[in-house]
Structures are given as structure tokens and as C-alpha cells.
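Got the viewer open? Let's take a walk through this structure, one selection at a time.

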Amino acid sequence: MDSLQTLNKFWNSFNLKAYDENTVPDNAMTANDGKYITYSVSTAYFDEPVALSASVWYKSTSWAEITQKAEEIGDAIGLGGKVIRFDGGGLWIKRGTPFSQRMSDEDDTIRRVYINIEVEYFRTN
């Protein structure tokens, strides 16, 4: 597994389908029961942090469930970050600032939470 596959696996670990923001299918909302994650992808030099983001999308009129999901993601990252290894290296995922923000949508039945993270790529050999 490489760094991009590892990042994809991380975002898909929250019991929601996650898509690279450049590969979201048109039917993502209906195909995933109105809930999914999109995330940015950036390759970076090793040992340099890079700012990335994700959005959690819910078809709902309430903020309660999506807020809980954002908190779950924050808990998984933790205050000191989360290290995930891959072949020849790893990712150190840390909370960005601000960590999460509610975002409006032109459709009032869509809820979106925008999440900021910082990722540092490192080599293990």
C-alpha cells in the first residue's frame, strides 16, 4: 500500500464511503444513503507537513448526526495525531486549525462539515 491508498483507507474507516474530491460520482448522495466523505489529496515531499481537508456530507435537516461523525473523526486522530504506516513509510495525521466547521449548502436538506488536517509523510527505511 502506498501513501495515497493509506489516506483513502483512513477516510474510509469511518463507516462512510469516502472519495477523493476529484472522483466523486454524480450519484454519491443517493448511492450512499445520503452520507459520504470527500477528501483532498496532495503528494508532498517526505518530512514536510501538508495541509489537507475533507468534507462530511449528510442529507439531513439536523446537525446532530453529522456533528457526531466529525467528533468521531477528531477522536480517531486524537490530540497528538495518528500515525498510519504504509510500505516504506507512513503518514502522521494531525488536526488542523480550525479542526471542523459547519458549511452551508444551497440545498437546505444538505449538511456539510469541513475538516482541516495536516499530514506529514515520513520514510521508515
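Start by selecting Ile-73 and whatever surrounds it. Leaving aside residues up to four places away in sequence, Ile-73 touches Trp-11, Phe-14, Ile-37, Val-56, Phe-99 and Ile-115. One thing to keep in mind while you look around: this is a predicted model.

**The core around your first stop**

How many residues does the largest nonpolar core have? It has 27, and those with the most contacts inside it are Trp-11, Ile-37, Ile-73, Ile-115 and Ile-117. Color the contributing elements and you'll light up α1, β2, β3, α3, β4, β5 and β6, each of which supplies at least two residues of this core. Another core, of six residues, lies apart from it; Tyr-19, Ala-28, Tyr-36 and Ile-110 are among its members.

**Helix α3**

Now select residues 64-77, which form helix α3. Its 14 residues reach 20 Å from the first C-alpha to the last, close to the 20 Å expected at 1.5 Å a residue. Show the side chains of Ile-66, Lys-69, Ala-70, Ile-73, Gly-74 and Ile-77: these are the buried residues of α3. Turn the view until you look down the axis of α3, and the buried residues fall within an arc of 140°, so they line one face of the helix. Here's a handy bit of background: an α-helix has 3.6 residues a turn, so residues three or four places apart point the same way.

Which residues are exposed on the other side of α3? Pick Gln-68 and Asp-75 to see them. Then go back to the buried residues of α3 and add what they pack against: α1 (3-11), β2 (35-39), β3 (49-59), β4 (82-86), β5 (89-103) and β6 (110-123). Before you leave, step just past the end of α3 to Gly-78, which takes a positive phi of about 75°.

**Helix α1**

Next, select α1. Its buried residues are Ser-3, Thr-6, Leu-7, Phe-10 and Trp-11. Look down the axis of α1 and they fall within an arc of 135°, so they line one face of the helix. Zoom in on the start of α1, where a side-chain oxygen of Asp-2 comes to within 3.1 Å of the backbone nitrogen of Leu-4.

Follow the chain into the loop between α1 and β1 and stop at Asn-15. Buried or exposed? Asn-15 counts as exposed, at 70% relative accessibility. Its phi is near 60°, a positive value in a residue other than glycine. For context, most residues other than glycine have a negative phi, and most peptide bonds are trans.

There's a second spot like this to click on: Asp-33, in the loop between α2 (28-31) and β2. Asp-33 has a positive phi of about 55° although it is not a glycine, and at 70% relative accessibility Asp-33 counts as exposed.

**Along the strands**

Time to switch to the strands. Select β2: four of its five residues are buried, so β2 is largely enclosed by the rest of the structure. Add strand β1 (residues 18-20), which pairs with β2 in the parallel sense over three bridges. To see where they face each other, select Tyr-19, which stands opposite Thr-38 in β2.

Then bring in β3, which pairs with β2 in the antiparallel sense over five bridges. Two spots to click here: Tyr-39 stands opposite Ala-54 in β3, and the bridge partner of Lys-35 in β3 is Tyr-58. Strand β3 itself is mostly covered, with eight of its 11 residues buried.

Which strand comes next? Show β6, which pairs with β3 in the antiparallel sense over 11 bridges. Select Leu-52 and look across to its bridge partner in β6, Ile-117. That's a residue you've already met, as one of those with the most contacts inside the largest nonpolar core.

**Two last stops**

Stay on strand β6 and pick Glu-120. Glu-120 is buried, with a relative accessible area of 17%; the cut-off for buried is under 20%. Its side chain makes a polar contact with the side chain of Lys-94, at 3.5 Å.

Finally, go to Pro-98 in strand β5. Which kind of peptide bond joins Thr-97 and Pro-98? A cis one, with omega at about -10°.

How values were computed: Residues are numbered from 1 along each chain as its sequence is written. This is a predicted model: local features need pLDDT of at least 70, side-chain atom pairs count only at pLDDT 80 or more; totals for chains, interfaces and linings use all residues. Side-chain values use heavy atoms; hydrogens and water are left out. The expected span of a helix is 1.5 Å times one less than its number of residues. Buried means under 20% relative accessible area, exposed over 50%, partly exposed in between (1.4 Å probe, protein chains only). The arc is that of the directions from the helix axis to the C-beta atoms. Contact means heavy atoms within 4.5 Å. A nonpolar core is a set of buried Ala, Val, Leu, Ile, Met, Phe, Trp, Tyr and Cys residues joined through side-chain atoms within 4.5 Å. Two strands pair if DSSP finds at least two bridges between them. A polar contact is a pair of N or O atoms within 3.5 Å; within protein, one must be able to donate a hydrogen and the other to accept it, and residues adjacent in sequence count only if both atoms are side-chain atoms.
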